[in-house]
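Dear colleague,

I am handing over the structure we spoke about, with the sequence alongside. Please have it open while you read the notes that follow.

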Amino acid sequence: MSKLFRAVIMGPPGSGKGTISERIAHSFGLKHISSGDFVRENIAANTEAGVLAKAYMKKRLLVPDHVMTRLLLPRLEEMTKYSWLLDGFPRTLAQADALNSICDLDVVINLNIPLETLKERLRHRWTHPSSGRVYNMYFNPPRIQGLDDITGEPLIQQEDDRPEALVARLRHYKDIAKPVIDLYKAKSILYTFSDTETDRIWPNISTLLSTKIPIVQSDARCASTH
Ligand SMILES: Nc1ccn([C@H]2C[C@H](O)[C@@H](COP(=O)(O)OP(=O)(O)OP(=O)(O)O)O2)c(=O)n1
Ligand SMILES: Nc1nc2c(ncn2[C@@H]2O[C@H](COP(=O)(O)OP(=O)(O)O)[C@@H](O)[C@H]2O)c(=O)[nH]1
């Protein structure tokens with residue numbers, strides 16, 4: 001059997017991590033692990049780490065490294081048989097070091113999107129709070145305005161997505177992501193994509209992954225699409 005594939009997707013809020021992760025999972029058959037969704041699931045299930053995480057998220061703070069690693073590492077260890085794509089983790093160098101201690105990454109996709117584009121997208125991002133599903137009123141609107149496609153529940157605009165909040169979030173992202181980006185650059189596994197449109201970035205990511213994903217995965221993809 002060929003080697004399993006391990007990838008991470010990084011980028012500031014609104015850069016398209018969730019949108020692109022879904023396309024990668026669909027096209028290449030990788031398991032998509034969204035750290036934000038996983039945190040929300042743990043909060044909903046009232047796990048010990050979920051209770052800790054909730055206290056930070058309520059204050060709109062990032063969850064500390066030790067809580068995030070306690071949540072994510074066991075989840076990844078359950079996935080040793082699968083190829084996966086990790087979205088939203090690691091965010092800090094400490095998280096990257098913890099990840100490094102349990103696996104070798106093949107590819108890190110780094111999304112580099114202009115600030116004005118991020119502001120514009122997040123201004124129109126609507127979220128289904130309990131699942132974390134996101135919509136954009138122009139790019140991928142819900143079937144019925146203001147309602148989640150799956151549950152029919154109301155969508156909300158998160159405080160954090162307001163342009164005023166975004167500038168601070170982005171500055172914070174840049175500070176904590178820089179050493180992580182430098183680490184992956186030094187390992188020669190960082191691939192940076194810069195554009196204002198996901199639809200223009202996607203073909204380049206798809207080409208990259210087609211050259212990297214092991215044969216077993218590509219065969220599985222062909223089998224499921226023909
Ligand atoms: N490594 C991580 C991943 C997540 N979280 C917490 C804080 C986030 O606010 C929340 C939700 O994470 P998401 O990645 O879903 O969403 P965000 O709104 O933070 O980011 P984005 O706008 O990039 O989707 O989980 C965290 O503290 N540390
Ligand atoms: N207009 C526009 N919106 C996009 C594009 N790509 C993603 N979006 C929307 O922008 C928002 C942020 O994307 P998301 O995938 O949630 O980014 P994340 O925060 O990095 O996970 C969502 O509302 C997406 O639907 C794009 O190319 N153009």
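**Two ligands and the residues around them**

At 27% relative accessibility Thr19 falls between the cut-offs of 20% and 50%, and therefore counts as partly exposed. Please bear in mind throughout that this is a predicted model. Thr19 has its place in helix H1, and, once its neighbours within four places in sequence are set aside, it is in contact with Phe139 and Thr198. Gly18 belongs to helix H1 as well, which spans residues 17–28, and Gly18 too is partly exposed, with a relative accessible area of 35%.

Both of these residues carry an annotation, since a UniProt record (an unreviewed entry) places the feature "binding site" at Gly14, Ser15, Gly16, Lys17, Gly18, Thr19, Arg125, Val134, Tyr135 and Thr198.

**Ligand 2**

Ligand 2 has 17 residues around it, of which Gly14, Lys17, Thr19, Asn140 and Thr198 come nearest. Several polar atoms of the protein are placed beside its oxygen atoms: a backbone N or O atom of Gly18 lies 3.0 Å from an oxygen atom of ligand 2, and a backbone N or O atom of Ser15 lies 3.2 Å from an oxygen atom of this ligand. From a side chain rather than the backbone, an N or O atom of Glu197 is 3.2 Å from an oxygen atom of ligand 2. Taken alone, ligand 2 exposes 580 Å², and the protein buries 90% of that. Helix H1 and strand S6 (133–136) are the elements that give two or more residues to the shell. By residue class, the shell around ligand 2 divides into eight polar, five nonpolar and four charged residues.

**Ligand 1**

A second "binding site" annotation in UniProt, again from an unreviewed entry, covers Ser35, Arg40, Leu61, Leu62, Val63, Gly88, Phe89, Pro90, Arg91, Gln95 and Arg169. In the model, ligand 1 is surrounded by 14 residues, and the closest of them are Lys17, Val63, Gly88, Arg91 and Arg125.

Which atoms of the protein lie 2.8 Å from a nitrogen or an oxygen atom of ligand 1? On the one hand, an N or O atom in the side chain of Lys17 is 2.8 Å from an oxygen atom of the ligand; on the other, a backbone N or O atom of Gly88 lies 2.8 Å from a nitrogen atom of ligand 1. In addition, an N or O atom in the side chain of Gln95 is 3.2 Å from a nitrogen atom of ligand 1. On its own, ligand 1 has 560 Å² of accessible area, of which the protein covers 86%. Helix H2 contributes the largest share of the shell, three residues, and the shell as a whole divides into five nonpolar, five charged and four polar residues.

Two of the residues annotated in this second set deserve a few words each. Gly88 is found in the loop between strand S3 (84–87) and helix H5 (93–100), and its relative accessibility is 11%, which is under 20%, so Gly88 counts as buried. Apart from residues up to four places away in sequence, Gly88 touches Ile9 and Ser35. Arg40 lies in helix H2 (residues 35–44) and, at 25% relative accessibility, counts as partly exposed. With residues up to four places away in sequence again left out, Arg40 touches Pro129, Ser130, Ser131 and Gly132.

With best regards

Definitions and conventions. Residues are numbered from 1 along each chain as its sequence is written. Chains are lettered from A and ligands numbered from 1 in the order in which they are written. This is a predicted model: local features need pLDDT of at least 70, side-chain atom pairs count only at pLDDT 80 or more; totals for chains, interfaces and linings use all residues. Side-chain values use heavy atoms; hydrogens and water are left out. UniProt positions are given in the numbering used here, feature names are shortened, and annotations may be inferred rather than shown by experiment. Helices (H or I, at least four residues) and strands (E, at least two) are DSSP runs, numbered from the N terminus. Buried means under 20% relative accessible area, exposed over 50%, partly exposed in between (1.4 Å probe, protein chains only). Contact means heavy atoms within 4.5 Å. A residue is near a molecule or strand if one of its heavy atoms lies within 4 Å of it. A polar contact is a pair of N or O atoms within 3.5 Å; within protein, one must be able to donate a hydrogen and the other to accept it, and residues adjacent in sequence count only if both atoms are side-chain atoms. Accessible areas come from the Shrake-Rupley method with a 1.4 Å probe; for residues, only the protein chains shown count as cover. Ala, Val, Leu, Ile, Met, Phe, Trp, Tyr, Cys and Pro count as nonpolar, Asp, Glu, Lys and Arg as charged, and the others, Gly among them, as polar.
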